[in-house]
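I opened a notebook page for this structure. I looked at one residue before turning to the whole chain.

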Amino acid sequence: MSLPPEGGTPNENIKAERQTKIFMTTPASESLPQYFTRRSEEVNQWLDSLLPKESTPPVNLHKAMRYSMFAGGKRLRPVLVLASGEALGAATDDLMPAACALEMIHTYSLIHDDLPAMDNDDLRRGRPTCHKAFGEAMAILAGDALLTQAFRVLALDAPHRDALKQLRVIGEIAKAAGTVEALIGGQVVDMESEGQTVDAATLDYIHRSKTGAMIRAAVIVGGLIAEATDEQMSKLDDYSRRIGLAFQIADDILDVTQTSEQLGKTAGKDQAASKATYPAIHGLEASKKKAHELVDEAIAIIASLGGDTQILAAIASFIVARKS
Ligand code: GRG
């Protein structure tokens, strides 16, 4: 555990305080990295049971799906579903199908983003991208299959005590993965902006849509399953929008400050592709400041949610402190 250095500069003290928050706002016996490891293992077991086995025909397709699904990854979206739902009293088993569905959709989006027609990347989650390992056609189909499997899980593997509630969960996830201020729409505007001069509003649109929508959906879905009140849903909404934007700003910063080994994906790609990023438009220092402001706001908002929100606060801090 790192503590604020005695007599450090104000900046050092702020940094150390943030570090301390990350490690201390989780249950006394567990740091946030330990929490992530434990929850990721649970999520992986559920994912394993919710995906067709490798030996099920067509074997190559199922191998490709599982290759990308179990290549690592922080499991941020499923962990957010668990953290927001459990903060408001939902049972883990009720949250897991939606948590896994979001991770399947996220993984499909990474597989497709890496394709030669899009980012044309060789490295993802520390190993060759899906199309490098299985060929382009199989990677397209593995992505399609993960997206389809996600909605199959939501329809068939989630608890059916309340069908209307489940429809709302499915609707939120479909919206986030869709075209209007959502994953695919954001990806399209991002692609169209390459090499163009992009203004701050367009950049915010890209970040809110491509990255923010799925992170928001994770938090919102946890709230829906936990039957949060309207006031609580509004707080979850405000919290999730801030951490979603902070996450993407941090991602833009990591692209220029970390190595490919540290990231597990190719570093410096944004600049090489003349992508619209926060550091490119606002500068590195202003970007760091903005990310920290968003996280501080998110932590303040979530403190009044009711329930045990320590993990949600710690995740907000982790989003800007992470190194990959
Ligand atoms: C192809 C429809 C479609 C969308 C692609 C996800 C995405 C949109 C592009 C990936 C490129 C990128 C830098 C996206 C923004 C940030 C982001 C989503 C990073 C990856 O998420 P992490 O860091 O990844 O949570 P892991 O591997 O940890 O799950």
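**One glycine, then the whole**

I started at Gly126 in this predicted model. Gly126 comes out exposed, because its relative accessible area is 52% and exposed means over 50%.

Next I looked up where Gly126 sits in the secondary structure. Gly126 is in the loop that links β1 (123–124) to β2 (127–128).

I then checked a residue far along the sequence. Glu261 is 135 residues away from Gly126 in sequence. In space, the C-alpha atoms of Gly126 and Glu261 are 7.4 Å apart.

**Overall fold**

I moved on to the whole protein. How many helices and strands are there in the protein? I found 16 helices and two strands. The radius of gyration is 19 Å, and the globule rule gives 20 Å for 324 residues, so the protein is as compact as a globular protein of that length.

I also took the extents of the C-alpha trace. Along the principal axes, the trace spans about 65 × 50 × 35 Å.

For contacts, I took pairs of residues at least 6 apart in sequence. Of these contacts, 70% join residues at least 24 apart.

**Surface and charge**

What share of the residues counts as buried? I noted 51% of the 324 residues.

The exposed area of the protein is about 14,500 Å². Carbon and sulfur atoms supply 54% of that area.

Last, I looked up the charges. The protein has 34 positive and 43 negative charges. Their mean positions lie 2 Å apart.

Conventions
Residues numbered from 1 in each chain as written. Predicted model: local features only at pLDDT ≥ 70, side-chain atom pairs only at ≥ 80, totals over all residues. Heavy atoms only, no water. Helix = DSSP H or I, 4+ residues; strand = E, 2+ residues; numbered from the N terminus. Buried < 20%, exposed > 50% of the residue type's maximum accessible area, 1.4 Å probe, protein only. Rg over C-alpha atoms; globule rule 2.2 N^0.38 Å. Contact = heavy atoms within 4.5 Å. Areas by Shrake-Rupley, 256 points an atom, 1.4 Å probe, with all protein chains shown as cover. Lys, Arg positive; Asp, Glu negative; His and termini not counted. Charge placed at Lys NZ, Arg CZ, Asp CG, Glu CD.
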